[in-house]
Amino acid sequence: MAAVAGPLCTWLVAACLSAACDAEEHKQKHFCAGGSRAGGGVMLGQRRRLGARRRGLARSGMTMAVALQAERSVIEKKKPDIKQRRVVVTGMGVVTPLGHDPDVFYNNLLDGVSGISEIERFDCSNFPTRIAGEIKSFSTDGWVAPKLAKRMDKFMLYLITAGKKALENGGLTEELRNELDKTRCGVLIGSAMGGMKVFNDAIEALRVSYKKMNPFCVPFATTNMGSAILAMDLGWMGPNYSISTACATSNFCILNAANHIRRGEADVMLCGGSDAPLIPIGLGGFVACRALSQRNSDPTKASRPWDMGRDGFVMGEGAGVLVLEELEHAKERGATIYAEFLGGSFTCDAYHMTEPHPEGRGITLCIEKALADAGVAREEINYVNAHATSTQAGDLKEY
């Protein structure tokens with residue numbers, strides 16, 4: 001693999017879902033979700049031996065062609081019919097400042113309850129921003145082994161807890177999970193920032209001596225380790241990795257997880273995102289970017305996208321995880337179906353690290369490709385989940 005795109009590209013992702021309780025009904029309410037991040041691309045290549053005699057090349061080429069053709073026919077026979085594999089949402093799990101239960105979380109959103117408050121975790125009196133979406137109470141009891149809970153970064157604790165809550169919400173009890181084909185179950189839960197606290201603590205320890213460093217500081221700081229630990233806990237051997245794409249991390253994970261199921265590579269996927277950046281270096285970094293709201297006197301009204309008085313975004317923490325499942329697999333076990341995933345897309349603005357293209361080219365292309373993949377007309381969309389950063393430039397251009 002070789003990187004072919006620069007690090008200053010903005011990638012976009014949009015995903016269309018059908019909010020249907022009955023997955024058999026295809027024409028339901030639709031909504032579209034989008035986000036953006038900075039990143040690059042990859043391409044695959046194959047080396048060739050140079051200087052071989054033409055005759056030998058011709059011979060080996062002929063043999064290679066025959067061999068590949070035979071193998072291709074075998075692969076084609078094994079390939080499932082992707083068009084027949086529909087993806088549905090059968091479980092949800094959350095860890096948020098607004099509640100740790102999907103219904104409580106959602107009802108608080110509908111009631112306009114704000115999860116933003118003064119930061120209590122550390123002294124931030126010297127910062128111009130002293131508010132955030134901080135989780136005030138959280139327990140790993142019954143969700144994470146005590147030995148691991150003491151060593152892990154909070155983003156991993158949130159991730160594992162939300163993941164297991166999603167399984168519980170989806171009726172995937174331990175007894176039922178033991179009956180699943182674990183080679184066809186995967187975990188794809190990403191993180192934008194990873195284990196910032198674990199890594200920061202390691203740096204502080206290093207100031208004294210390397211002997212004081214947590215031996216788990218490097219693995220527990222990487223963004224993929226949350227998915228890996230959860231998969232090990234469950235014994236799931238299917239697709240397992242993480243994606244880190246800033247504000248679009250969860251969208252990327254959901255779309256990729258759905259595609260694993262559509263392509264016949266998995267039957268069940270846990271997907272979503274988790275972050276815990278509320279530490280001094282995290283807050284200080286965003287303050288330095290001059291992107292945060294400074295409405296400290298009225299924190300519940302600090303995040304106000306599309307408002308003329310908006311003055312920046314507000315940091316937060318937590319995790320959200322979905323159980324995606326192949327439709328027939330879900331119906332066979334009598335699962336509750338919350339929604340059907342219809343399609344999605346990725347595109348690149350190739351314009352700026354944080355600001356969207358002035359003409360909205362990347363977003364427009366992404367939405368059009370997502371609608372085409374989902375087979376949905378734009379007139380059928382009745383809900384748009386916008387990026388809505390509450391920044392002066394971002395909101396205007398996104399609108």
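**Close-up views of a predicted model**

**View 1. Thr-140 is a buried loop residue, with a relative accessibility of 15%.** The structure shown in this and the following views is a predicted model. The value of 15% places Thr-140 in the buried class, because that class covers residues under 20% relative accessible area. Thr-140 belongs to the loop that links strand S7 (131–132) to helix H3 (146–151). When neighbours within four places in sequence are set aside, the contacts of Thr-140 are with Ala-149, Leu-157 and Thr-161.

**View 2. Helices H4 and H7 cross at roughly 45°.** Two packed helices are described by the angle between their axes and the distance between the axes. Helix H4 spans residues 154–169 and helix H7 spans residues 225–234, and their axes come within 9 Å. The crossing angle therefore makes H4 oblique to H7. The crossing of H4 and H7 is right-handed. On the H4 side, the contact is formed by Met-156, Leu-159, Ile-160, Gly-163, Lys-164 and Leu-167. H7 contributes Met-225, Gly-226, Ser-227, Ile-229, Leu-230, Asp-233 and Leu-234.

**View 3. Helix H8 is mostly covered.** Of the 14 residues of H8, 13 are buried. The helix comprises residues 249–262, and the distance from its first C-alpha to its last is 20 Å. This reach is close to the 20 Å expected for H8 at 1.5 Å a residue. After H8 comes Gly-264, which has a positive phi near 80°. The loop between H7 and H8 contains Ala-246, a residue shown again in View 4.

**View 4. Ala-246 and Ala-388 each have a positive phi of about 50°.** Most residues other than glycine have a negative phi. Ala-246 is not a glycine, yet its phi is positive. Ala-246 sits in the loop between H7 and H8 and is partly exposed, with a relative accessible area of 40%. Ala-388 likewise combines a positive phi with a side chain other than that of glycine. Ala-388 is found in the loop between strand S12 (381–385) and helix H12 (392–398). With a relative accessible area of 22%, Ala-388 is partly exposed.

**View 5. Ser-114 and Pro-299 are 185 residues apart in sequence, with 8.5 Å between their C-alpha atoms.** Ser-114 is placed in the loop between helix H2 (102–110) and strand S6 (117–118). Its relative accessibility of 27% makes Ser-114 partly exposed. Apart from neighbours within four places in sequence, Ser-114 is in contact with Leu-98, Pro-299 and Thr-300.

**View 6. Cys-271 has its closest cysteine sulfur in Cys-253, at a distance of 7.5 Å.** This separation is too far for a bond, because a disulfide requires the two sulfur atoms to be within 2.5 Å. A search of the whole structure finds zero disulfides. Cys-271 is buried, at 0% relative accessibility. Cys-348, by contrast, is partly exposed, at 31% relative accessibility.

Technical notes. Residues numbered from 1 in each chain as written. Predicted model: local features only at pLDDT ≥ 70, side-chain atom pairs only at ≥ 80, totals over all residues. Heavy atoms only, no water. Buried < 20%, exposed > 50% of the residue type's maximum accessible area, 1.4 Å probe, protein only. Helix = DSSP H or I, 4+ residues; strand = E, 2+ residues; numbered from the N terminus. Contact = heavy atoms within 4.5 Å. Expected span 1.5 Å × (residues − 1). Axes fitted to C-alpha atoms, helices over the stretch in contact; angles between N-to-C directions. Parallel < 35°, antiparallel > 145°, perpendicular 65-115°, else oblique. Left-handed = near helix turned anticlockwise from the far one by under 90°.
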